[in-house]
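Got your viewer open? Let's take a short walk through this protein, one selection at a time.

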Amino acid sequence: MSVASSAESGTAVRVVKLGAHIGARIEGVRLGGDLGARTVAAIRSALHEHKVIFFQGQDHLTEDGQYEFAELLGSPTTPHPTLNATGSKSLAIDSQHGRSNVWHTDVTFVDRVPKASILRAVTLPSYGGSTTWASTVAAYDALPEPLKVLAESLRARHTNLYDYAGEGRASEANSAAYRREFESAYFETEHPVVEVHPETGERALLLGCFVKELAGLSGSESKALFQLFQHRITRLENTTRWNWSPGDVAIWDNRATQHYAIDDYDGAERRKLTRITLAGDIPVGVDGRSSVVIAGDAGYYSPVQARRAA
């Protein structure tokens, strides 16, 4: 456990590590828009180191408070590039509309991949419904050198027609309506398979369920190589699992993780959380080449954040 002093509140920000490669619980912080600069810096540092961080006992937090806190960490996006009927500040992650029970990095079908998300529990099932995160940095680091070289040479095309929400177990009518809205505007972007993190300089695998194909390869070749690297990401030693309780908040670095909401609760149970996403930059590969838009303009969804020197 590491401890950082918070001069503004007179308390200590305690970082409790949950795994060797990913995950930490943060104690001594009451989230909101009134946090001081040192506390925010401690949270940002913990996020960069541990990739996903968890806060408990945040029952006081409202959607407005969640948004005001998010503004301390970055620039919130609109809730989603295509789901326009979900509110002005947050996106409802609601089991009534589908279940995202597949590994993904959020919104990789646009060029400006979000840098982070803040997720707050609202309604939880009486059992199940936990979320698992995987470190795409740890996955890259563990690759044998020949696979690193191969991954760094590849580009992948991501599209929102590969919608994870369509695989859920919500009512057929709700799920179909949700999918129609999700696909109401078409986006496709070509990203490097290995991205250089704009703040830490770490290298991370940029894949997930929105991948349509690997550029320049046949369908069978794309599938084989995608599965090779994707399976590396989700090896258990690269993951951490969080069992939600009321008042919990999770923040993850979207440029260094994938996540999976586990569908292990029955249909009568409801799971609802609110997500606020922070604007990110355009990914850059090891060779210095940036992501390229194939279709769609995400300008109304999010500004592009300037990359910092690592």
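Which loop does Val113 lie in? Select Val113 and you'll land in the loop between strand 5 (91-94) and strand 6. Bear in mind that you're looking at a predicted model. Val113 has a relative accessible area of 3%; buried means under 20%, so Val113 counts as buried.

Now show what surrounds it. Leaving aside neighbours within four places in sequence, Val113 is in contact with Asp106, Val107, Thr108, His191, Asn254, Gly280, Asp281 and Pro283. Add Gln305 as well: Val113 and Gln305 are 192 residues apart in sequence, yet 9.9 Å apart in space, C-alpha to C-alpha.

Next stop: the largest nonpolar core, with 25 residues. Color Leu31, Ile43, Ile53, Phe55 and Ile251, the ones with the most contacts inside this core. Several elements give two or more residues to the core, including strand 2 (11-17), helix 2 (63-73) and strand 14 (249-253). Helix 1 gives the largest share, 5 residues. Apart from this core lies another, of 18 residues, among them Tyr140, Leu143, Leu147 and Ala156.

Zoom in on Ile251. Not counting residues up to four places away in sequence, Ile251 touches a list of residues that includes Ile43, Leu47, Phe69 and Ile118.

Last, select strand 15 (residues 257-261). Here 4 of the 5 residues are buried, so strand 15 is largely enclosed by the rest of the structure. Add strand 7 (residues 131-135), and you'll see it pair with strand 15 in the antiparallel sense over 5 bridges. To spot one facing pair, pick Ala134, which stands opposite Gln258 in strand 15.

Methods
Residues are numbered from 1 along each chain as its sequence is written. This is a predicted model: local features need pLDDT of at least 70, side-chain atom pairs count only at pLDDT 80 or more; totals for chains, interfaces and linings use all residues. Side-chain values use heavy atoms; hydrogens and water are left out. Buried means under 20% relative accessible area, exposed over 50%, partly exposed in between (1.4 Å probe, protein chains only). Two strands pair if DSSP finds at least two bridges between them. A nonpolar core is a set of buried Ala, Val, Leu, Ile, Met, Phe, Trp, Tyr and Cys residues joined through side-chain atoms within 4.5 Å. Contact means heavy atoms within 4.5 Å.
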